Amino acid sequence: MSIIIHGVNASPFVRKVRVALAEKSIPYELKPQVPFGPQPEYLKISPLGKIPCLQEGDYTLPDSSCIIAYLERTHPKPALYPENPKEFGRALFFEEYADSKLVESIGAVFFQRVVRKLIFKQEGDETIVRKKIDEEAPPVFDWLEQQLGDREWLVGTRFSIADLAVASPFVNYAHAGERPDAKRWPRLTAYLERVHSRPSYKALIEEEGQTFKAR
Ligand SMILES: N[C@@H](CCC(=O)N[C@@H](CS)C(=O)NCC(=O)O)C(=O)O
C-alpha cells in the first residue's frame with residue numbers, strides 16, 4: 001500500500017517525516033495541504049487540523065512523532081531510535097524539545113519573514129523576529145551546544161530521531177536568512193552542517209531552496 005504524506009515542505013514537522021522516509025528509503029507521495037484554515041475533509045484525518053498526516057490505504061495517522069514511530073515498526077531498518085533504554089528515552093526527549101522549545105524560539109523567524117510574505121502577502125514583524133533571535137534563541141542554542149559537547153550525534157554513536165528532530169527547525173531558520181553564530185556556538189554549527197549534509201536532508205533542503213528564499 002503506497003504512502004501519502006499530507007502537508008507542505010515548509011513545515012519542520014512535515015520535513016521530519018520526509019527525512020525519516022528518506023533515511024528508510026520508503027517511497028511516498030507528498031500531497032499539498034496548507035495548515036491554515038484546513039477543510040472539514042482534512043479534519044476527518046487530522047483532527048487537530050495540523051500537518052503532517054500519513055495516509056496508507058484506509059489507515060490515517062497525524063503527528064510527526066506518531067508517524068515516525070509507526071514507520072519504525074513497519075520499516076525497522078535502519079533504526080532511528082536507539083536500542084538502549086536510557087538512550088531511547090533521551091532521544092525521545094530531544095525530539096520533544098525540538099518540537100516544542102526549539103520551534104517556539106526560532107519558528108517565528110521563518111513565519112514572520114517568509115510565510116507572512118509568501119502566503120499572507122504581508123510584511124513580517126521584525127520586532128518579533130529580533131526578540132526571538134536576540135533573547136529566546138540564545139539559551140536554547142547554549143543548551144544544545146552543551147548537550148553536544150564533543151559528540152558526533154546527540155545520543156549514542158549513531159544518527160537518531162534526536163538529530164533528525166533537532167536539525168529540522170534550523171532549516172526554516174536558514175530559509176529565513178539566519179544561522180546560529182559559529183563563533184558563539186561552534187559545536188552546534190558544525191553538528192547542523194553534519195546533519196544537513198546527509199543525503200536525506202540535503203535533497204529536501206535543495207528542493208525547498210527553490211521555494212523559500214531568504215529575505
Ligand atoms: N505535534 C505536531 C505539530 C504539527 C504542527 O504544529 N504543524 C503546523 C505546521 S508547521 C500546523 O499544522 N499548524 C497549524 C495549526 O496549528 O493549526 C507534529 O509533530 O506533527
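## Cysteines, ligand surroundings and a surface patch

The structure holds 0 disulfides. Cys53 takes part in none, and the nearest cysteine sulfur, that of Cys66, is 10 Å away. Cys66 is likewise in no disulfide, its nearest cysteine sulfur being that of Cys53 at 10 Å. Because a disulfide is defined as a pair of cysteine sulfur atoms within 2.5 Å, a separation of 10 Å does not qualify. Cys53 is buried, with a relative accessible area of 0%, whereas Cys66 counts as partly exposed at 38% relative accessibility. The model described here is predicted.

The surroundings of the ligand come next. Ser11, Pro12, Phe13, Pro35, Lys50, Ile51, Pro52, Asp63 and Ser64 surround the ligand. Polar contacts with the ligand include those in the table.

| Residue | Residue atom | Ligand atom | Distance |
|---|---|---|---|
| Ile51 | backbone N or O | oxygen | 2.9 Å |
| Asp63 | side-chain N or O | nitrogen | 3.0 Å |
| Ser64 | polar side-chain atom | oxygen | 2.6 Å |

Taken alone, the ligand exposes 500 Å², and the protein buries 70% of that area.

A further feature is found on the surface. Val34, Phe36, Leu118, Ile119 and Phe120 form a nonpolar patch there, with about 420 Å² of accessible area together. One of these residues, Val34, is found in the loop between strand E2 (28-31) and helix H2 (40-45). Val34 is partly exposed, with a relative accessible area of 40%. Patch residues must have over 30% relative accessible area, so Val34, at 40%, satisfies that condition.

Notes
Residues numbered from 1 in each chain as written. Predicted model: local features only at pLDDT ≥ 70, side-chain atom pairs only at ≥ 80, totals over all residues. Heavy atoms only, no water. Patch = residues over 30% accessible without salt bridge, like charges linked within 9 Å, V, L, I, M, F, W, Y side chains within 5 Å. Areas by Shrake-Rupley, 256 points an atom, 1.4 Å probe, with all protein chains shown as cover. Salt bridge = Lys/Arg side-chain N within 4 Å of Asp/Glu carboxyl O. Helix = DSSP H or I, 4+ residues; strand = E, 2+ residues; numbered from the N terminus. Buried < 20%, exposed > 50% of the residue type's maximum accessible area, 1.4 Å probe, protein only. Near = heavy atom within 4 Å. Polar contact = N/O pair within 3.5 Å; in protein donor to acceptor, adjacent residues only side chain to side chain.
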